[in-house]
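This report covers the arrangement of the protein chains, their domains and the DNA surface. The sequence and structure come next.

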Protein chains: 2
Amino acid sequence: MSKMHKEHTLTKNQQIIFDLIDKSPEPMKAYSILFNVQKKGINAPLQVYRALDKLVEIGKIHKIESRNAFIACHNSSCQVAKATAFSICEICEKVTEISSTGLSKYLANFKDKDGMKYSKYNLEFFGLCKKCTLK
Amino acid sequence: MSKMHKEHTLTKNQQIIFDLIDKSPEPMKAYSILFNVQKKGINAPLQVYRALDKLVEIGKIHKIESRNAFIACHNSSCQVAKATAFSICEICEKVTEISSTGLSKYLANFKDKDGMKYSKYNLEFFGLCKKCTLK
DNA sequence: TAACATTATGTAATAATATAACATTAATAT
DNA sequence: ATATTAATGTTATATTATTACATAATGTTA
Ligand SMILES: [Zn+2]
Ligand SMILES: [Zn+2]
Ligand SMILES: [Zn+2]
Ligand SMILES: [Zn+2]
């Protein structure tokens with residue numbers, strides 16, 4: 001049997017935290033998440049970080065490394081947790097996941113001169129979004 | 001007169017911290033830097049972070065975002081503080097700056113479908129270095 | 001030079017991000 | 001049923017980074 005797209009049933013904490021991130025229009029930071037889910041019985045940072053770790057691992061969310069923040073994946077439950085690219089507006093901090101076949105092919109095939117084999121990459125572009133360019 | 005490569009004269013703190021990072025075989029973290037320069041009269045985190053900020057700004061060092069660590073630029077005093085690419089070994093944590101004309105051209109010219117104009121990017125590849133592959 | 005502006009420094013306190021350690025419970029596999 | 005693995009709850013602590021404020025050094029201009 002070929003390796004299929006495994007459906008991960010989220011646990012209660014994972015689901016609560018995913019739902020929150022998923023409906024957020026912007027990347028969320030761990031302690032902001034914590035603050036928002038305390039009414040639902042999640043009290044400690046570690047509970048948040050554990051859920052975040054798992055969600056990142058299964059590709060439901062991604063971490064924006066330069067911002068220490070998390071966004072939901074909208075590439076129809078991302079197969080590409082290991083190949084991520086984002087655009088980040090340096091004024092309004094809007095973050096968008098880039099899904100470009102050309103880009104991902106180029107990067108997946110990229111070989112450096114040391115012949116290192118890559119299994120994963122993360123790319124963050126910075127600039128001004130349309131809205132902020134017009135201001 | 002054309003825009004030339006500006007030589008930045010480093011201040012005392014900046015020089016001390018740059019020298020330390022420059023001779024380190026691996027990326028250094030801020031508090032490890034602090035520990036190492038205390039004998040030279042740099043006592044507080046803020047002194048380190050201020051020097052790091054400046055050194056990053058002028059392209060003498062780069063921050064490895066996924067590791068919260070800093071490495072010296074070895075692209076002959078990098079013009080490309082705004083266009084960085086690294087390979088990171090997930091076992092030994094060896095980090096190498098990638099300098100590939102093809103890659104940087106490709107990324108500099110990349111346009112997403114929203115037509116966002118990028119002024120900067122950071123790319124981190126993950127995998128196993130040669131040494132770790134053989135183990 | 002004097003006045004002003006800009007950049008860097010020193011120091012203390014604190015904020016923000018993330019993990020260690022340990023006990024317990026739930027879910028899965030044999 | 002039992003063993004194993006994964007998830008949870010809780011407390012404490014480690015790590016990373018910034019705010020606020022006072023002072024000193026440097027660069028610019030008149
Ligand atoms: Zn995605
Ligand atoms: Zn914007
Ligand atoms: Zn460089
Ligand atoms: Zn290695």
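## Polar contacts with DNA strand D

A polar contact is a pair of N or O atoms within 3.5 Å. The model discussed here is predicted. In it, a polar side-chain atom of A:N13 lies 3.0 Å from a phosphate oxygen of DNA strand D, which means that this pair falls within the 3.5 Å limit for a polar contact. Chain B also reaches the phosphates: a phosphate oxygen of DNA strand D is 2.4 Å from a polar side-chain atom of B:K29. The bases are contacted as well, since an N or O atom in the side chain of B:Y31 is 2.8 Å from a base nitrogen of DNA strand D.

Three elements give two or more residues to the surface near DNA strand D: α1 (12-23) and α3 (45-57) of chain A, and α3 (45-57) of chain B.

## Make-up of the DNA surface

DNA strand D is surrounded by 15 residues. The closest are A:T11, A:Q47 and A:R50 from chain A, with B:K29 and B:K63 from chain B. Which element gives the most to the surface near DNA strand D? It is α3(A), with four residues.

By class, this surface near DNA strand D holds six polar, five nonpolar and four charged residues. On the DNA side, 45% of the atoms of strand D within 4 Å of the protein belong to sugar or phosphate, and the rest belong to bases.

## Relation of the two chains

Chain B is superposed on chain A by a rotation of 180° with 0.0 Å of shift along its axis, and the RMSD is 0.0 Å. This is the relation of a two-fold axis. The C-alpha of B:L123 is the one in chain B nearest the axis, 2.1 Å from it. Both copies use the same surface, as 100% of the contact residues of chain B recur in chain A.

## Domains of chain A

Chain A is divided into domain 1, residues 12-72, and domain 2, residues 83-134. The C-alpha centres of these two domains of chain A lie 22 Å apart. Between them, nine residues of domain 1 of chain A are in contact with 10 residues of domain 2 of chain A.

## B:D19 in helix α1

In chain B, helix α1 (residues 12-23) contains B:D19. Is B:D19 buried, partly exposed or exposed? B:D19 has a relative accessible area of 38%, so it is partly exposed. B:D19 and B:A72 are 53 residues apart along the chain, and their C-alpha atoms are separated by 8.9 Å.

Terms used: Residues are numbered from 1 along each chain as its sequence is written. Chains are lettered from A and ligands numbered from 1 in the order in which they are written. This is a predicted model: local features need pLDDT of at least 70, side-chain atom pairs count only at pLDDT 80 or more; totals for chains, interfaces and linings use all residues. Side-chain values use heavy atoms; hydrogens and water are left out. Copies are superposed by least squares on the C-alpha atoms of residues with pLDDT of at least 70 in both. Contact means heavy atoms within 4.5 Å. Buried means under 20% relative accessible area, exposed over 50%, partly exposed in between (1.4 Å probe, protein chains only). A residue is near a molecule or strand if one of its heavy atoms lies within 4 Å of it. A polar contact is a pair of N or O atoms within 3.5 Å; within protein, one must be able to donate a hydrogen and the other to accept it, and residues adjacent in sequence count only if both atoms are side-chain atoms. Ala, Val, Leu, Ile, Met, Phe, Trp, Tyr, Cys and Pro count as nonpolar, Asp, Glu, Lys and Arg as charged, and the others, Gly among them, as polar. Domain bounds come from an automatic or database domain assignment.
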